[in-house]
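Here is a walk through one structure, taken a piece at a time. Keep the sequence and the 3D view side by side as you read.

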Amino acid sequence: MKSVLPDIGNISYVEIDDVNVRIATGGRSDGIPVVITSPWPESIYAFRGILASIGSLAPYVAIDLPGFGMSQGRSDLMSPTGMARFVARAAWKLGITRMHGVGPDVGALAMLFAAADRPDLFESLVVGSGATKVELVAGGLVDLIASPPGAFADQQGGDIAVGFVTASAANMPPPSVIEDYWHSSSAGRFEQATNYVRSYSHELPLLDKILTRIETPVLVLAGAQDPIVPPANGEYLVKGIRRCRQVLLDGGHLIWEDSSDGYGAEIASWIGGAYKKLGSINSRA
């Protein structure tokens, strides 16, 4: 018998910028919406433990980014700058003119580039667990960035993804979610998604040019024991963005799995008004 996925809201597929993407919507009917993008190699079901906290304060849209989760991909979107353009298009398609952007992992860079180009679109940002400089990443991410195109073409990507999640998550996802993660990277999808991080070698240096343009209040929320994107990546953002602070939770790279209660509470506090208290002086917590 097929296991049932957790309830994360109303699931649908929407065509945005000529790609079919999976989204989950829910939360309040009023307030500034929260747009939250899936981490890799997981999916929007990674947020099963935090969407209730967000939804109690605001409407939300959780999106499997193109090429990730169960969304259709396209080669020109598989880079942070390409995905930033998609984020803006998604907001337009969904009728969102102002939003709180939440982008962990691969979504962090997309949100940052989008905020630099479209400050009018963002009320605030929550990023983290995403690489900011090639020399600051560690572990298997180093190998993924350096991998040649096609390196995983003959491997079962679903097995790679599930192997990473089961080895990394302090709190194991339920079988139905693990199955969703497997399908999200199955066949050639893992190889295709790897092109996104392969672009880091030439796209991460662009951050130096855009961080000072970001006026949006930014919260960097990450795991204190992250073995592949250490906290130094967040410290780099704190130094470069005028209104930015970092909060580290007890956990590793998959902090939304390791500490869903703490992760959800920090986001809820932030969108509930904490972002308004962040002055012009950079700070850390």
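Two strands count as paired if DSSP finds at least two bridges between them. Keep that in mind for the strands below. The model is predicted.

Start with strand β5, residues 99-104. Its pairing with strand β6 (residues 122-128) runs parallel and takes in 6 bridges. On its other pairing, with strand β3 (residues 34-37), there are 3 bridges, and these strands also run parallel. Valine 102 of β5 is a good place to look. Isoleucine 36 stands opposite valine 102. In β6, valine 126 is the bridge partner of valine 102.

Is β5 enclosed or open to the outside? Of its 6 residues, 6 are buried, so the strand is largely enclosed by the rest of the structure. Both faces are covered. Met99, Gly101 and Gly103 are buried on one side. His100, Val102 and Pro104 are buried on the other.

Now move to the strands that run antiparallel. Strand β1 (residues 10-16) and strand β2 (residues 19-27) are joined by 7 bridges. Within this pair, valine 14 stands opposite valine 21 of β2. The two strands form a hairpin with 2 residues between them, and there aspartate 17 takes a positive phi near 55 degrees. β2 also pairs with strand β4 (residues 59-63), antiparallel, over 5 bridges. Glycine 26 has tyrosine 60 in β4 as its bridge partner.

Next come the cores. Which residues touch the most other members of the largest nonpolar core? They are Phe86 and Tyr196, in a core of 61 residues. Helix α3 gives the largest share of this core, with 10 residues. Apart from this core lies another one, of 35 residues. Leu51, Val162, Ile255 and Trp256 are among its members. Back in the largest core, phenylalanine 86 has contacts that include Ile16, Val19, Val21 and Ile63. Asp17, the hairpin residue with the positive phi, is also touched by phenylalanine 86.

Tyr196 leads to helix α7, where it is one of the buried residues. The helix covers residues 189-198, and 8 of its 10 residues are buried, so α7 is largely enclosed by the rest of the structure. Among the others buried there are Arg189, Glu191 and Arg198. What do the buried residues of α7 pack against? Their neighbours are α2 (80-93), α3 (106-117), α4 (140-146), α5, α6 (175-185) and α8 (200-203).

Helix α5 spans residues 157-168, and serine 168 is found in it. Serine 168 is partly exposed, because its relative accessible area is 29%, and buried would mean under 20%. A polar atom of its side chain lies 2.8 Å from the backbone oxygen of phenylalanine 164. Beyond residues up to four places away in sequence, serine 168 touches Leu254 and Asp258. Serine 186 is 18 residues from serine 168 in sequence, and their C-alpha atoms are 19 Å apart.

Finish at helix α12, residues 260-271. Its 12 residues reach 16 Å from first C-alpha to last, close to the 16 Å expected at 1.5 Å a residue. Tyr263, Gly264, Ile267, Ala268, Trp270 and Ile271 are buried in α12. Seen down the helix axis, these buried residues fall within an arc of 160 degrees, so they line one face of α12. Just after α12, glycine 273 takes a positive phi of about 145 degrees.

Key
Residues numbered from 1 in each chain as written. Predicted model: local features only at pLDDT ≥ 70, side-chain atom pairs only at ≥ 80, totals over all residues. Heavy atoms only, no water. Helix = DSSP H or I, 4+ residues; strand = E, 2+ residues; numbered from the N terminus. Buried < 20%, exposed > 50% of the residue type's maximum accessible area, 1.4 Å probe, protein only. Contact = heavy atoms within 4.5 Å. Polar contact = N/O pair within 3.5 Å; in protein donor to acceptor, adjacent residues only side chain to side chain. Core = buried A, V, L, I, M, F, W, Y, C linked by side-chain atoms within 4.5 Å. Expected span 1.5 Å × (residues − 1). Arc of directions from axis to C-beta.
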